[in-house]
Amino acid sequence: MVTESKRKANAKYRAEKRDQLAVDVPKGKRDIYKQGAAELNLSLSMLIQNAVEEFIARHQADNLSIVSQSASSPTQKLSATEKNLLAEFNKLPADTQKLILKLIQSINQNAKQNSFPEE
């Protein structure tokens with residue numbers, strides 16, 4: 001049995017450290033998602049958090065600007081090799097992906113700052 005003081009402590013922690021996110025899904029999907037989460041030894045909340053973070057990381061990687069010498073075309077279509085690299089990148093943990101993306105952004109910013117204006 002949960003005591004009143006424990007309930008208050010939990011409520012205070014949630015108010016200070018957690019945000020709530022409501023997700024509407026079609027009838028029956030909640031149970032399917034919950035079962036899938038259980039099969040992965042995750043709570044439904046953790047499954048959703050992991051899915052959102054993976055989705056964001058995957059799309060950030062897909063939208064990376066390729067550093068090129070031509071300032072007029074900062075983005076290009078990806079080659080097969082680059083697609084393979086991105087597939088491997090997507091297998092990395094989300095924290096590692098974020099660090100790599102920050103590093104690439106830093107490199108891009110430094111390249112822009114150190115480039116000479118076109119004549």
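What share of the 119 residues of the chain count as buried?

**Figure 1. The whole chain, a predicted model with five helices.** Let's start with the full picture, which comes from a prediction. Of the 119 residues, 9% count as buried. The chain has five helices and zero strands, so if you walk along from the N terminus you meet α-α-α-α-α, where helices are counted as DSSP runs of at least four residues. About 10600 Å² of the chain is exposed, and carbon and sulfur atoms supply 55% of that area. Look at contacts with a separation of 6 or more, and you'll find that 40% of them link residues 24 or more positions apart.

**Figure 2. How sure the predictor is, and where pLDDT drops.** Averaged over the chain, pLDDT is 79. A value of 70 or more is reached by 82% of the residues. Now zoom in on residues 65–75: here pLDDT stays under 50. For this stretch, the model has twelve contacts beyond four places in sequence.

**Figure 3. A salt bridge within helix α1.** Side chains of opposite charge can pair when their charged atoms come close. Searching the whole structure turns up two salt bridges, and this view shows the one between E4 and R7. Their closest N and O atoms are 3.5 Å apart. Both residues sit in helix α1, which spans residues 4–17. Three residues separate them along the chain, and that is about one turn of the helix. Are E4 and R7 buried or exposed? Neither, quite: E4 counts as partly exposed because its relative accessibility is 48%, and R7 is partly exposed too, at 45%.

**Figure 4. The salt bridge between E88 and K91.** Here's the pair of E88 and K91, with the closest N and O atoms 3.1 Å apart. E88 has 46% relative accessibility, so it counts as partly exposed. K91 reaches 61%, and therefore counts as exposed.

**Figure 5. A nonpolar patch on the surface.** Which residues make the nonpolar surface patch? They are L21, V23, V25, I32, Y33, I48, V52, F55 and I56, and together they make a patch of about 820 Å². Helices α2 (29–39) and α3 (44–62) each supply at least two of the patch residues. The largest share, four residues, comes from α3. One patch member to pick out is I32, which lies in helix α2. I32 counts as exposed because its relative accessibility is 52%, and the cut-off is over 50%.

**Figure 6. L21, a patch residue in a loop.** Stay with the patch, which includes L21, but move to the loop between α1 and α2, where L21 has its place. With a relative accessible area of 70%, L21 is exposed. Now find S45: it is 24 residues from L21 along the chain, and the C-alpha atoms of L21 and S45 are separated by 9.5 Å.

**Figure 7. The two sides of helix α4.** Which residues of α4 (residues 80–90) are buried? They're L86, F89 and N90. These three cover an arc of only 95 degrees around the axis, so they fall on the same side of α4. Swing around to the other side of α4 and you'll find A80, T81, N84 and L85, which are exposed.

How values were computed. Residues are numbered from 1 along each chain as its sequence is written. This is a predicted model: local features need pLDDT of at least 70, side-chain atom pairs count only at pLDDT 80 or more; totals for chains, interfaces and linings use all residues. Side-chain values use heavy atoms; hydrogens and water are left out. A salt bridge is a side-chain nitrogen of Lys or Arg within 4 Å of a carboxyl oxygen of Asp or Glu. Buried means under 20% relative accessible area, exposed over 50%, partly exposed in between (1.4 Å probe, protein chains only). Patches are made of residues with over 30% relative accessible area and no salt bridge: like charges are joined within 9 Å, nonpolar side chains (Val, Leu, Ile, Met, Phe, Trp, Tyr) within 5 Å. Accessible areas come from the Shrake-Rupley method with a 1.4 Å probe; for residues, only the protein chains shown count as cover. The arc is that of the directions from the helix axis to the C-beta atoms. pLDDT is the predictor's confidence in each residue, from 0 to 100. Contact means heavy atoms within 4.5 Å.
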